[in-house]
Each structure stands twice: as structure tokens, then as C-alpha cells.
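Please open the model in your viewer and display it as a cartoon, with side chains available on request. The tour proceeds by selections, each followed by a description of what is found there.

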Amino acid sequence: MPERPLLLFPTPEIASRSTLGGGGGRVKRPTPQRQWARLSPVFSQLQTALDARRIEIQQSAADVIPEQVLVMETVGSIENFANAVKRIDGLEWMGEIEIDEITPDEEFYDETKPDKELSGRLYLVMTNQRALDEMLSLWRRYQADPNMQFELGFKKFRDVFLHMKSIRRWDVQDRLLETGLIDIWQENLEYDGERFISFEAELWFRGSNELRAASTSYVTNLVQQAGGRILNQSVIEGIAYHGLLAELPAHAIRAIIESPATELVKCENVMFFRPVGQITAGDESPEGDVEIAQIEEIPLPTEDPIVALFDGLPLANHRLLAGRLVIDDPDNWAAEYSASERIHGTSMASLIAHGDLNQPSYPMSRRIYVRPIMKPMEWLNTPRPEGIPENFLVVDLIHRAVKRLFEGDQEEGAVAPQIKAINLSIGDRSLQFAQSMSPIARLLDWLSVKYGVLFIVSAGNHPTAISLGISRDEFNSLGAEEIEVATIKALYRDARNRKLLAPAETINGISVGAVHHDNAEISYQRSRINPFENLLPSPVSAFGSGYRRAIKPDVVYYGGRQLYRLPFQQTNSAIIEPAIFRVSPGNKTASPGSLPGELDATSYSCGTSNATALLSRAACICYDSLQEIFSEQSGEVDLRGYEVPLMKAMLVHGCSWGDIGDHLKSRIENSDLGMEIRARAELLYTRPADISNEIGRQYKSLIARWIGYGLPDVDRVLDCTDQRATLLGFGELSDGNAHVFRLPLPPSLSARPERRRLTVTLAWFSPISPTTQKYRIASLWFEVNNKGLAPLRQNADWQAVKRGTVQHEVFEGQSAEPINEGDVIEIKVNCREDAGKIHRPVTYGLVVSLEVAEGVDIAVYNEIRTRIAPAIQIQQATDHD
């Protein structure tokens with residue numbers, strides 16, 4: 001137990017929730033008559049297309065009623081349109097997607113800022129001919145009589161019509177051409193032009209078992225007609241997912257590539273055709289030699305695992321891992337691994353168990369549960385890269401693996417129900433986040449609520465070449481700082497191609513980017529280039545933001561330095577590409593050896609996978625710290641239900657932008673990117689204060705997209721100092737309710753102009769509504785009344801921090817404020833429904849720190865502790881006590 005342990009808040013006061021502010025500009029839109037004139041030709045085309053499709057289908061399947069999915073694009077949003085859709089027989093709600101960056105035109109524009117980009121939604125609705133006719137008839141009558149009275153429940157159709165920018169069919173472009181599948185199929189055919197090729201068909205999730213069965217039957221028939229077969233099916237109602245794993249012969253794949261408008265691709269039952277086998281741990285075997293570990297006798301762990309590693313199979317008898325892993329391999333994937341191929345899982349297990357071996361730390365006192373979800377892929381060279389096999393649906397595989405932990409399967413009961421965090425150092429390179437949640441991210445969000453488990457997920461790596469936008473001669477004349485500026489600018493320019501990899505957009509999990517840092521000594525530089533001399537995010541680390549512009553990645557952590565090199569092929573443009581070696585620098589980990597039977601080898605690697613594993617190690621440390629705190633300070637409290645949200649909050653609580661944020665801001669300001677930001681702000685605003693605020697907001701957005709809440713200093717949340725007190729609060733809330741926590745102020749701080757910082761972190765798991773744009777059912781947020789002691793918000797934008805399931809804010813101040821005995825800082829935690837009804841109270845964890853600079857003669861910790869101790873009668877804080 002540390003000398004100054006974290007403190008517990010007294011039971012909070014129950015209150016009613018506050019209201020959230022909102023509002024925006026005034027959008028000019030067309031009249032009802034103009035809308036009909038604009039859109040009626042498109043309506044006629046939709047009716048004609050559906051009738052033509054009916055004739056096509058009836059020639060092969062007379063009992064099938066033709067349907068199509070309509071995509072209605074609106075400027076602005078119409079809440080609860082899904083309820084109105086149910087009013088017309090033959091219409092079925094499929095989902096909605098939030099969209100940004102709608103270019104204003106003469107029909108739709110912001111009256112206060114005509115050049116400002118607009119936001120809106122895509123509404124996805126399945127319709128047959130009869131329902132389409134009824135909906136169009138409704139709009140036709142309304143445009144003829146704008147004063148007509150709509151029947152109860154139908155008024156939302158009027159609102160959608162008034163806001164509609166366009167309407168079209170969901171077609172081959174959406175279903176196939178934008179998923180990247182064609183490119184991957186072409187690569188597969190080049191590798192082996194005669195084999196069967198697997199793919200995923202994600203079907204529209206229909207509202208009944210009968211409709212889903214009919215969809216499956218229809219798609220199965222089309223696949224079989226093309227010479228293929230269905231390998232597997234997964235239906236998970238909680239995330240509105242219906243997926244088929246299918247395979248087609250090479251000749252059928254070629255036919256689709258040459259002419260995509262085949263019957264299968266035109267099938268209205270399919271939402272997306274997606275590639276499989278794209279979650280891999282490397283495209284090629286790394287170069288270089290491994291090192292021999294200097295291993296001393298280290299005590300073995302004695303406690304049960306609370307961290308699970310879903311990854312490749314580790315080398316379990318490596319001297320750094322022997323006795324530290326609980327390997328659960330129900331599918332016997334070990335039989336398909338050679339020892340030399342157990343690279344990624346060995347590295348991740350080593351980082352969780354020991355941390356970065358460049359900076360040895362005490363090994364974890366708990367074992368690690370390991371479930372292999374990757375294995376060696378078909379490859380010409382050895383060792384083969386590891387990945388999720390093509391004959392598995394990744395959603396189904398992870399669902400079964402998590403269910404086995406907490407419920408068991410047909411063979412046995414729950415195998416590790418005590419697990420609190422699951423490490424997923426994986427990412428789907430074919431599925432960068434773009435507006436809508438991927439099935440695997442929806443799965444993680446749903447499972448986190450169902451089982452109370454935290455997923456710690458890699459943000460994703462983009463180990464691709466960086467075009468610096470200058471000539472090679474210019475590059476050769478640059479100094480280290482100029483290379484840094486050029487690289488940062490180039491990465492931001494290319495950010496749309498370096499987005500989060502699924503499932504990093506998960507709202508309930510913690511997504512982890514990488515910092516370009518390690519403590520390795522570079523054994524030899526050769527021609528390798530270090531793009532960043534300062535502490536900065538890794539050049540390979542993916543960019544956010546997350547769903548509905550939430551903060552993503554949540555944090556960045558130590559992921560090792562990735563060096564680059566100029567291409568061997570001379571070009572006029574300066575392009576640098578990753579230099580892939582297993583030698584320093586990088587995070588140092590256990591590794592398979594280069595010789596058979598070698599069990600003490602180490603190697604180096606870098607990226608967001610490593611950062612994620614290191615943060616999972618920190619999660620275990622935070623969890624054990626929580627157990628100590630509650631055992632010592634309030635042993636009678638049942639912490640179950642609160643410990644995982646508290647652990648989640650602790651992982652983020654030590655975050656700040658610090659030097660990383662300062663370096664990024666400086667580099668952006670001094671580039672043409674900064675000049676563009678200023679020019680856009682001056683187009684939107686005229687007052688200097690408004691221009692300055694807009695520039696600051698854009699800088700915050702750019703920085704948060706790469707580093708989230710920043711780099712966590714986990715040690716800061718494990719104990720306190722004389723000048724820093726950290727307190728923990730927890731509870732559960734339902735819609736409309738709130739809890740008020742009170743932090744006593746140290747009287748010694750009164751009238752002292754000392755710099756002070758207040759850090760508040762709130763974390764929870766929200767149930768999800770998978771087919772609605774809001775998605776997150778439970779919105780929690782805190783408000784702080786800090787008596788003017790720390791009025792200045794730091795780091796991330798104050799609105800962006802409320803869009804996910806972690807709100808982390810840093811407040812600073814230095815003015816001399818009077819403090820009287822009994823004065824407190826109030827932190828109010830609020831709850832409201834967002835995307836649907838909250839059926840069960842939502843549990844949350846709260847971490848709050850108040851500090852002054854080290855060495856200042858203000859005993860912050862002791863003065864807070866003595867004022868809290870008499871009030872502590874810890875109970876489970878609920879809104880129904």
C-alpha cells in the first residue's frame with residue numbers, strides 16, 4: 001500500500017440532472033413546391049427501377065416480392081424518424097448515418113455563414129413498390145397543400161421531405177465498390193488464380209427470423225448459382241448483425257471484377273460485401289537478428305488473470321513467459337503453428353507480463369489468459385504472417401471467444417469469468433472508420449455492457465510510405481527539425497487514408513495510439529531516418545476522430561520508434577518508407593529465436609499493438625490498486641460493477657497533451673496547414689476574438705485526432721503526493737438523475753497565487769442502439785463548480801469530450817482566491833437518455849485530482865484527507881437509495 005493512497009469520496013448527494021446546451025445556425029431550405037419540383041424526377045426513376053427489378057426477379061423467383069433500400073440524404077436531422085417508418089406497411093427501418101462536410105448550395109445553406117459546410121444524415125429504409133407509392137403520395141399531397149394535417153405519427157415524413165437533399169437507391173457502388181473488396185480479390189487472383197476465394201456478405205438486418213431466413217435463402221441460392229457455397233452464418237440480434245461467410249470460384253470472382261452488376265452483387269438483401277482475412281500481424285517476416293535475453297530468476301505469478309489476450313499463439317515455454325500464461329486453445333490452432341511463427345502473441349504477452357524490456361520493471365503478479373484468434377496464413381515464405389483465417393467471420397470468432405470466458409460453450413462452463421480487460425492488438429486494414437460503426441466495433445460495445453469487461457484496442461497502424469511533398473534534393477538539405485515539420489504536415493495531409501482501423505471506433509473500449517518513443521539504444525543507424533527527434537505520436541499511428549466526432553484514439557502510449565528510409569528506387573519526389581527490422585530501436589520483447597529450441601531470444605518492434613499491450617499491463621496494475629484501496633478504506637463495499645468503470649477512468653486520468661501537444665501545435669502553426677486554418681477562420685468570422693477562437697478550436701481538433709486525451713502517466717493514479725490528492729467516486733444513474741460529489745478545499749490554498757490543476761475523469765459503459773445514428777443510449781457528463789480556482793480548460797475541446805464514454809478534462813488557474821473552512825469543489829455527474837431508453841441504471845467511475853506544483857508548501861493531500869475522513873460512510877451510491 002503506498003504511503004499516500006488514493007482517497008474515496010463520501011457518498012454523493014442525489015440530484016436531478018442538468019440540461020445540456022445546444023443549437024446552431026439557421027439553415028435555409030427550399031419550399032415544399034420547390035422540393036417536389038427538384039425531387040419528383042428522381043421519385044419517378046425509383047419507381048421505374050423497382051418495377052424493372054420486379055420483372056427481373058419474377059423471371060427466376062416468382063414468389064419473391066422485390067424490395068430496395070432507399071438512401072435519403074437530409075440536411076439537418078429528424079429525430080425518431082424510425083418510429084414513423086413503421087407506420088407504412090412495407091417500409092422497414094434499416095439504419096441511419098451521420099454525415100458532415102455537406103457543401104452548401106443555392107438550395108441549402110447556413111443563413112448566418114453561407115460558406116459553412118453543413119451536416120446531416122443518411123436514412124436507410126427498405127421499401128417495396130406499394131410502400132414507395134404510399135410515401136410518394138403523401139409527399140405529393142403535402143406539396144400541393146402545405147397546410148394539410150398529417151395523421152398521428154406521420155408528421156416526420158413531412159420533416160424528412162423538407163430537409164431532403166437527395167434520395168437514391170443503395171446500389172452496387174455502396175455494396176461492393178467502396179469496400180475495397182475488388183482490389184483485394186485482384187491481389188488474391190495474382191497469388192493463386194485458380195482457388196476458391198472467401199468473402200463476407202453482411203446482410204441488412206431484418207426485423208424477424210422469417211425475413212432473415214428468407215434473405216439467407218435468397219443469397220445462398222445466388223451464391224450457389226455462381227458456383228460457390230456458404231461456409232458459415234452469424235446472427236447477433238444485440239448488434240443488428242447478419243453475416244454470411246461465402247466463397248466463390250476464381251472464374252466467378254473474375255466475372256464480378258470485369259462486370260460488377262451481377263445478380264449476386266445487385267441483390268438488395270446485401271448491405272456490404274467485405275473481404276475476410278484482413279486482420280493480420282504483418283505482411284512479411286521482419287529482417288535482422290534477435291538478441292539473447294539476460295534473464296534472472298523471477299518469481300512466477302500466483303494470482304488468477306484479470307487480463308485476457310486475444311492474439312496469435314505465444315511461445316508459452318519461452319523463459320520470459322513460462323508459467324505466466326493460461327492458454328486456452330479450444331480449436332487446437334497450436335497444431336498449425338511452428339515455434340518460429342509465434343511472433344505477435346509472444347511479443348504482446350511479453351509486454352503485458354514484463355513491460356518494455358528496454359526498461360525492466362517488476363513482472364505482473366497475475367497470469368495472463370490467452371486465446372489464439374490468429375494463426376499462420378497461407379504464404380510462400382517463412383515465417384508466415386499471422387492473421388485471422390479466411391474461413392472465419394471475425395465477428396463470430398470474437399463473439400464465441402468472449403462468450404466462452406463468461407458463459408462457456410457446449411463443452412464446458414465459463415473458463416475465466418473473472419476477466420476484467422481484453423487486449424485486442426489487432427485491426428482490420430480493409431476497414432478504416434468512416435462515419436458508420438463496423439460490426440466488430442458494435443460487437444465490442446455490446447459485449448462490454450453484457451459482461452462488464454473493458455476492451456483495450458489498438459488504434460491501428462499505417463506502415464506505408466510518406467510522400468513529403470518536396471523534391472529529394474530538398475529533403476537531403478533538411479535538418480532534423482525541418483524533417484519533423486515536413487513529416488507532420490504530410491501525415492495530416494494524408495490523414496483521410498490513415499484513419500482508425502476497425503474495431504478502434506468502439507465507444508465503450510479504450511482505443512490506443514502509439515507514441516514514437518522507447519528507451520532502446522540504436523545499435524546501428526545505417527541509412528535509416530528518424531522522422532521525429534521530439535516526443536510525438538508515431539508516424540504509423542492511426543488518426544481519429546471517432547463516431548459522431550468523439551475523442552479517438554482515447555490515449556497514446558509508448559509504441560517504440562519507427563525509423564524510415566528512402567526507397568531503393570530513385571525518385572524525384574521525397575518519399576520515406578518504414579524500415580522494418582527486428583533490431584533496435586523499438587519496444588524490446590520476448591521473441592522466437594532464430595535457432596530451433598531457442599527459448600531466451602528477444603527482438604524489437606513498434607506500433608499501436610505494442611502500446612495497447614502496455615496499456616493492458618497498466619490496467620492490471622490499476623485493478624490491483626483498486627482492490628487494495630477498497631480493502632483498506634472500505635472493506636464492506638461490494639465493488640463489483642464499479643471496478644471496471646473505475647479502472648477505465650484510472651487509465652485515462654493521468655493523460656495530458658504536455659510536450660506532445662506543444663510540439664504538434666508549434667509544427668502546425670509554422671506550416672502552410674496553419675495558414676490554411678487561419679484563412680478559413682477569416683472567411684467564417686470578422687471579429688478578431690471569433691477568428692482566434694476558431695483557430696484554437698481547429699488546432700485542438702487536429703491534435704486530438706492524433707493523440708486523443710494524450711499520454712497517460714499511470715503512476716500518477718496509483719498514489720498521491722503532499723501536493724496532490726486523488727479521489728475515487730462511483731455510482732449508478734438512470735435517466736434524469738445526477739450525483740453531486742464534494743471535494744473539500746485545502747484552506748492553505750486561500751489567497752495563494754500558486755498554479756493549480758484540477759483533473760476530472762468520468763468513465764462508463766453505454767448500452768447501444770445499433771440501427772440509430774445516436775447509437776449511444778446512455779449519455780453521462782460532469783459539470784464542475786471549482787470556485788474560480790481553476791477556470792481555464794486545457795487540451796481537448798469541451799464539447800468533443802462529451803461525445804464518447806470517457807469525459808476527461810484538465811482545468812488550471814493561478815489567481816489568488818479566498819477559501820473559507822468548509823468550501824468545496826462540486827462535481828455533478830449527470831445522466832440522460834440519448835439513443836433510446838435506459839432500462840437498467842448505468843454504473844460509472846469518477847477520478848478527481850487537485851494539485852499544486854511539487855515543493856510548494858501547501859499540504860493538499862493531508863488537508864483534504866482530514867476533511868473527508870469524518871464524512872466517509874461509503875455506500876453504493878445509487879439514484880434510488
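**First stop: a strand residue**

Select Leu424, which is located in strand β19, residues 421-424. The model is a predicted one, and this applies to every stop of the tour. Is Leu424 buried or exposed? Its relative accessible area is 0%, and residues under 20% count as buried, so Leu424 is buried.

Next, display what surrounds Leu424. Apart from neighbours within four places in sequence, Leu424 is in contact with Phe310, Ile373, Ile398, Leu444, Phe455, Ile456, Val457, Ser458 and Thr612. Add Ala504 to the selection: the C-alpha atoms of Leu424 and Ala504 are separated by 9.5 Å, although the two residues are 80 apart along the chain.

**Second stop: helices α11 and α12**

Keep Ile398 and Leu444 in view, since both are among the contacts of Leu424. They also take part in the contact between two helices, Ile398 on the α11 side and Leu444 on the α12 side. Select helix α11, residues 394-406, together with helix α12, residues 439-451. Their axes come within 10 Å and cross at roughly 10°. Angles under 35 degrees count as roughly parallel, and α11 and α12 are therefore roughly parallel to each other. The crossing of α11 past α12 is right-handed.

Which residues make this contact? On α11, show Val394, Val395, Ile398, His399, Val402, Lys403 and Phe406. On α12, show Pro439, Ile440, Leu443, Leu444, Trp446, Leu447 and Tyr451. Colouring the contact by class gives 12 nonpolar residues, 1 polar and 1 charged.

**Third stop: helices α10 and α15**

Now select helix α10, residues 344-354, and helix α15, residues 608-633. These helices pack at an angle of about 35°, and their axes are 7 Å apart. α10 passes α15 in a right-handed crossing. From α10, display His344, Ser347, Met348, Leu351, Ile352, Ala353 and His354; from α15, the residues they meet are Ser609, Asn610, Ala613, Leu614, Ser616 and Arg617. By class, this contact divides into 6 nonpolar, 6 polar and 1 charged residues.

**Fourth stop: one face of helix α6**

Turn to helix α6, residues 181-191, and select its buried residues: Leu181, Ile182, Ile184, Trp185, Asn188 and Leu189. Look along the helix axis. How wide is the arc within which the buried residues of α6 fall? The arc is 160°, so these residues line one face of the helix. A general property of helices is useful here: an α-helix has 3.6 residues a turn, so residues three or four places apart point the same way.

To see what this face packs against, add α5 (172-177), β9 (197-203), α8 (250-258), β12 (270-274) and β20 (428-432).

**Fifth stop: helices α17 and α19**

Select helix α17, residues 658-669, and helix α19, residues 688-707. The angle between them is about 125°, with the axes 10 Å apart. The two helices are therefore oblique to each other. Their crossing is right-handed. The α17 side of the contact consists of Ile660, Gly661, Leu664, Lys665, Ile668 and Glu669, and the α19 side of Tyr699, Leu702, Ile703, Trp706 and Ile707. The classes here are 8 nonpolar, 1 polar and 2 charged.

**Sixth stop: features of the backbone**

Go to the loop between β24 (510-515) and β25 (555-558), where Ser545 is placed. The peptide bond from Gly544 to Ser545 is cis, with omega near 10°. Pro553 is also in the loop between β24 and β25, and the bond from Lys552 to Pro553 is cis, with omega near -5°.

Finally, select Glu101 and Asn795. Glu101 has a positive phi of about 60° although it is not a glycine, and Asn795 has a positive phi of about 65°, again without being a glycine. Where do they lie? Glu101 is in strand β5, residues 92-102, whereas Asn795 is in the loop between β36 (792-794) and β37 (806-813). Glu101 is exposed, with a relative accessible area of 55%; Asn795 is buried, at 18%.

Notes:
Residues are numbered from 1 along each chain as its sequence is written. This is a predicted model: local features need pLDDT of at least 70, side-chain atom pairs count only at pLDDT 80 or more; totals for chains, interfaces and linings use all residues. Side-chain values use heavy atoms; hydrogens and water are left out. Axes are lines fitted to C-alpha atoms, for helices over the stretch in contact, and angles run from 0 to 180 degrees between N-to-C directions. Helices (H or I, at least four residues) and strands (E, at least two) are DSSP runs, numbered from the N terminus. Angles under 35 degrees count as roughly parallel, over 145 as roughly antiparallel, 65 to 115 as roughly perpendicular and the rest as oblique. A crossing is left-handed if the near helix is turned anticlockwise from the far one by less than a right angle, and right-handed if clockwise. Contact means heavy atoms within 4.5 Å. Ala, Val, Leu, Ile, Met, Phe, Trp, Tyr, Cys and Pro count as nonpolar, Asp, Glu, Lys and Arg as charged, and the others, Gly among them, as polar. Buried means under 20% relative accessible area, exposed over 50%, partly exposed in between (1.4 Å probe, protein chains only). The arc is that of the directions from the helix axis to the C-beta atoms.
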